[in-house]
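This report describes a ligand and the pocket around it. Please look at the sequence and the structure before reading on.

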Amino acid sequence: MQARDFPPTLWLPIATFGSALCGALFLTASRMPLGWGLLALGLYFLWLWYRRMRSALASLKAIKAYGEADWNDLPRIWSSLEQENIALKEQAYREDQLRHSILTNLNVGIVLLGSLRQIVTFNPAAQRLLGSSSRVLFKGTATDLLNDPESLGMMDKAFNGDTSAWSRDRAGRILSFYAVPLSIKTDASAADLGILLAIQDITQQEALEQTRQKFISNASHELKTPVTSIRVAAENLMDDGWIPPEGEGNIKIILRNVDRMTLLLNDISELSRIETGALKLEFISIALEAFLKDVIDNASPLAKYKNVEMSLEIEPCLMDRNFVSDPLRLNQLLENLLSNAIKFSPEKSTVLLSVRLENQWIVFSVRDNGPGISPKDSNRIFERFYRTQTARGVPGTGLGLAIVKHLSRIMGGEVNFESIPCRETTFFVRLPWETPKG
Ligand code: ADP
């Protein structure tokens, strides 16, 4: 870099030098105010000059850092910028092509909806699965795609920020929909909240699932009779005194395992009845307080056996109130939660069953002071047959919570839990206060 390359204007150093010189001359001629004034002006010009020089140096540094260039090198800088621009454009083009080819070849239908519920983009699989015309897909909105109340409600949920999933029969196929909220930037304006709709044809999986459910239902049903026969035969052997005292231990093992199998078969067939829709709910009006006291009474023998206290808490506004539900299923649901709570409770602790109203929901909760559920297990405990490490040595089938989950769902509600490991666990079952129609 050479001195002549500095661009800052020359008038600043000249003005600085001139003002300072004139100021000094006036001072020597005893013209004090004018002399000092000119000197101050000189200082001001000097400061301005310093600032200009500093910013010029910064610009030069930036340019040098860019390509070790000097002023004579501008054409080279320009061409390298141009090349970089071309490379960026090529990269954008490649990414666009990649996105396009992924969307085109994907078997899953993808539709992007903007915040005004307009269709922003879609892929061929979406068009094929939905059977919508191109006119609808290019110009339409969410309602043109799916206009049944459930789908609209689920899409609303996603537009409000919650992921949602549902399935629908459409032209003889079963389609599963998955709506994910996301930010869509359609132009230079701020990003809008839209949704990405993923659509999959699950007709085949559903057929397989039905075959699986039928098989489980038949197998568990068929196994019940031989298991009962084994129990009766083993009991007879004991009662008739045919077994020598040294053999009794083995008969007891048979009986214990037959009981476990019966429990398992009952749970499996119950779950399959719920899953296949064979279980029909029968809603009646239930006196809430009396019903819950019965539930507690039924759980008391197990609680006594485990030396655990039972407690019931009913929100005052629910005292003497009736609740429309299926008492058999509600009892089954709470019984499962209570028996878990008791099973996992330490001696002399208390299991609390409480009920309260929360907007349009009635919330049943079961709290215990057991080992809790660790975060790593929290996503899995509602799976069939999943049991945590802490359940080792505790009797159970691993199906109770799966039954609770399905029962809550068919009753129009949901189940979830909160837990502090090593301290407590509370399961919540939320059911609609108003009975679901149909
Ligand atoms: P199980 O017959 O084993 O109780 P569940 O399906 O009812 O089967 O429960 C699944 C697993 O969830 C249990 O084995 C246990 O590991 C865990 N679990 C359920 N309830 C509790 C609880 N109140 N405290 C701690 N762990 C629990």
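The sections below cover the ligand, its polar contacts and the pocket. The model is predicted.

## Residues around the ligand

The ligand is surrounded by 19 residues. The closest of these are Asn340, Arg387, Thr388, Thr397 and Leu401. Sorted by class, the shell holds eight nonpolar, eight polar and three charged residues.

## Polar contacts

Oxygen atoms of the ligand take part in contacts with side chains and with the backbone. A polar side-chain atom of Arg387 is 2.5 Å from a ligand oxygen. For Asn340, an N or O atom of the side chain lies 2.7 Å from an oxygen of the ligand. At Gly400 the partner is a polar backbone atom, 3.2 Å from a ligand oxygen.

On its own, the ligand has 520 Å² of accessible area, and the protein covers 98% of that area.

## The pocket

The ligand sits in the largest pocket. Three elements each give two or more residues to the shell around the ligand: α11 (327-343), α13 (400-410) and β12 (424-432).

The volume of the largest pocket is about 1100 Å³. Its lining consists of 44 residues, and those nearest the centre are Asn336, Ser339, Asn340, Lys343 and Pro395. Two or more lining residues come from each of α9 (245-275), α10 (288-305), α11, β10 (361-368), α13 and β12. With nine residues, α11 contributes the most to this lining. By class, the lining of the largest pocket has 21 nonpolar, 15 polar and eight charged residues.

Conventions: Residues numbered from 1 in each chain as written. Predicted model: local features only at pLDDT ≥ 70, side-chain atom pairs only at ≥ 80, totals over all residues. Heavy atoms only, no water. Near = heavy atom within 4 Å. Polar contact = N/O pair within 3.5 Å; in protein donor to acceptor, adjacent residues only side chain to side chain. Areas by Shrake-Rupley, 256 points an atom, 1.4 Å probe, with all protein chains shown as cover. 1 Å grid on protein atoms, 1.4 Å probe; cavity = no way out; pocket = protein on both sides within 12 Å on 5 of 7 lines; lining within 4 Å. Sits in = over half its atoms within 2 Å of the grid points. Helix = DSSP H or I, 4+ residues; strand = E, 2+ residues; numbered from the N terminus. Nonpolar A, V, L, I, M, F, W, Y, C, P; charged D, E, K, R; others polar. Points joined across faces, edges and corners; volume = space filled by probe spheres on them.
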